[in-house]
Amino acid sequence: MSKIVYSIFIDIPNNKLDNPGWFENGVQVVTDKSLQTKNSLLKNKDAIIERHSRYAKDIGADYKLYKGNVAYQEFVEMFESDFPEVSHYDIVNFYKHWVMKELASEYDAICYLDFDVVPNTDDSIFEAHDIENKFGCAHSNALAAWGKVVAPKNYNTCIRNPSTKYWNAHAMLLEEGYEPDNDVFNTGIMVASSAMVHKLGYFENFRENLDIMTGLKEDEDSMYPRNIQRVFGYDNETLYSYLVHSKEIPIEYLNGPWHYIVDERIKHGGQADTSAKLYHCINKKMEWFL
């Protein structure tokens with residue numbers, strides 16, 4: 001079986017960094033979070049590449065790092081021409097699905113790692129999961145739960161909050177006649193067979209799906225409270241959840257040691273689990289494990 005582990009590193013120009021700030025009194029707060037992320041990825045770049053490539057070698061897989069090559073530039077140009085409202089951050093995250101689709105024509109098994117993921121094992125992610133019959137991906141349902149019950153007037157969160165992704169996918173599914181309840185996925189780590197990647201068909205009807213997102217975001221008669229609708233967007237995980245639920249794609253949830261979330265709570269309350277197999281440093285403190 002041919003296997004590959006891949007990641008993506010794009011140094012987004014400062015003038016194309018988005019603002020993922022929350023809202024206060026109806027006004028979005030300006031934050032430098034995207035710049036902090038950019039700088040952390042640059043600082044840890046070489047060590048992350050070494051760790052990713054070593055892990056791939058340990059499990060008998062090829063390793064590829066995708067950067068701003070010609071194919072990527074063409075991908076960006078398509079968005080800038082046809083979907084100028086989509087941020088460069090979101091383009092990068094759509095690109096990881098495009099690469100997975102392309103690799104599925106060459107490899108039997110594909111694993112994607114965000115550039116803030118640090119492997120801590122030589123156990124094979126391919127052998128640990130039923131990739132022939134299920135698409136491996138973690139969920140963030142617990143992090144989204146508050147957004148289902150909070151009063152709309154207090155829904156002041158940002159575009160990247162899991163609750164926002166829940167409501168965005170909820171709106172897409174309802175718009176197209178599906179049961180709207182959904183999982184909120186974290187696509188920072190994905191593993192699947194080529195057959196499952198093709199079954200997901202992420203880019204089938206892609207333009208139509210982005211048009212649905214635009215329509216829901218701009219709908220003046222939306223059933224969704226304004227505080228929720230204003231953070232609808234073009235998130236790759238929203239579209240992933242929509243496809244999983246509308247196409248009834250079987251999922252193997254990676255939560256636990258194979259997708260161990262590292263955030264500020266560890267810094268202030270304890271240590272990370274040393275038995276975790278893949279650290280996903282959403283706080284961008286990859287140096288803690290490198």
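Here's a quick tour of the cores, two helix pairs and a handful of individual residues in this structure. Keep in mind that the model is predicted. The biggest nonpolar core takes in 59 residues, and helix α3 is its top contributor. Two helix pairs, α2 with α3 and α5 with α9, cross obliquely, and two non-glycine residues, Asn205 and Glu248, have positive phi.

**Nonpolar cores**

- In soluble globular proteins, nonpolar side chains tend to end up buried together.
- Here the largest nonpolar core counts 59 residues, and the ones with the most contacts inside it are Phe94, Phe135, Leu210, Leu239 and Tyr240.
- Helix α3, spanning residues 88-103, puts in 7 residues, the most of any contributor to this core.
- A separate core of 18 residues lies apart from that one, with Tyr55, Ala56, Cys111 and Leu278 among its members.
- Once residues up to four places away in sequence are set aside, Leu239 touches Phe94, Met172, Tyr202, Phe206, Asn209, Leu210 and Met213.

**Helices α2 and α3**

- Helix α2 covers residues 70-82 and packs on α3 at about 125 degrees, with the axes 10 Å apart.
- That angle falls outside the 65 to 115 range for roughly perpendicular and isn't over 145, so α2 and α3 count as oblique to each other.
- Their crossing is right-handed.
- On the α2 side, the contact uses Ala71, Tyr72, Phe75, Val76 and Phe79.
- The α3 side brings His88, Ile91, Val92, Phe94, Tyr95 and Trp98.
- Sorted by class, this contact has 10 nonpolar residues, 1 polar and no charged ones.

**Helices α5 and α9**

- Helix α5 (residues 162-175) and helix α9 (residues 236-246) cross at roughly 45 degrees, and their axes come within 9 Å.
- This pair is therefore oblique too, and its crossing is right-handed.
- From α5, the residues making the contact are Lys165, Asn168, Ala169, Met172 and Leu173.
- From α9, they are Glu237, Thr238, Leu239, Ser241, Tyr242, His245 and Ser246.
- The class split for this contact is 5 nonpolar, 5 polar and 2 charged.

**Buried residues to click on**

- Met172 sits in helix α5 and counts as buried, with 0% relative accessibility.
- Leaving out neighbours within four places in sequence, Met172 is in contact with Asn209, Ile212, Met213, Leu216, Thr238, Leu239 and Tyr242.
- For a sense of distance, Met172 and Thr31 are 141 residues apart in sequence, and their C-alpha atoms are 28 Å apart.
- Asn236 belongs to helix α9 and is buried as well, at 3% relative accessibility.
- Ignoring residues up to four places away in sequence, Asn236 touches Asn93, Phe94, Lys96, His97, Thr187 and Tyr202.
- Ala104 lies in the loop between α3 and β5 (109-113), and at 6% relative accessibility Ala104 counts as buried.
- Beyond neighbours within four places in sequence, Ala104 is in contact with Ile110, Ser194, Val197 and His198.
- Ala104 and Asp273 are separated by 169 residues in sequence and 33 Å in space, C-alpha to C-alpha.

**Loop residues and backbone angles**

- Most residues other than glycine have a negative phi.
- Asn205 has a phi near 60 degrees, which is positive for a residue that isn't glycine.
- You'll find Asn205 in the loop between α6 (194-200) and α7 (206-218), where Asn205 is partly exposed with a relative accessible area of 48%.
- Glu248 also isn't a glycine, yet its phi is positive at about 55 degrees.
- Glu248 is in the loop between α9 and β9, and with a relative accessible area of 65% Glu248 is exposed.
- Gly256 is placed in the loop between β9 (251-253) and β10 (260-262) and is partly exposed, with a relative accessible area of 31%.
- Gly256 and Tyr279 are 23 residues apart along the chain, with 9.9 Å between their C-alpha atoms.

Note on methods: Residues numbered from 1 in each chain as written. Predicted model: local features only at pLDDT ≥ 70, side-chain atom pairs only at ≥ 80, totals over all residues. Heavy atoms only, no water. Core = buried A, V, L, I, M, F, W, Y, C linked by side-chain atoms within 4.5 Å. Buried < 20%, exposed > 50% of the residue type's maximum accessible area, 1.4 Å probe, protein only. Helix = DSSP H or I, 4+ residues; strand = E, 2+ residues; numbered from the N terminus. Contact = heavy atoms within 4.5 Å. Axes fitted to C-alpha atoms, helices over the stretch in contact; angles between N-to-C directions. Parallel < 35°, antiparallel > 145°, perpendicular 65-115°, else oblique. Left-handed = near helix turned anticlockwise from the far one by under 90°. Nonpolar A, V, L, I, M, F, W, Y, C, P; charged D, E, K, R; others polar.
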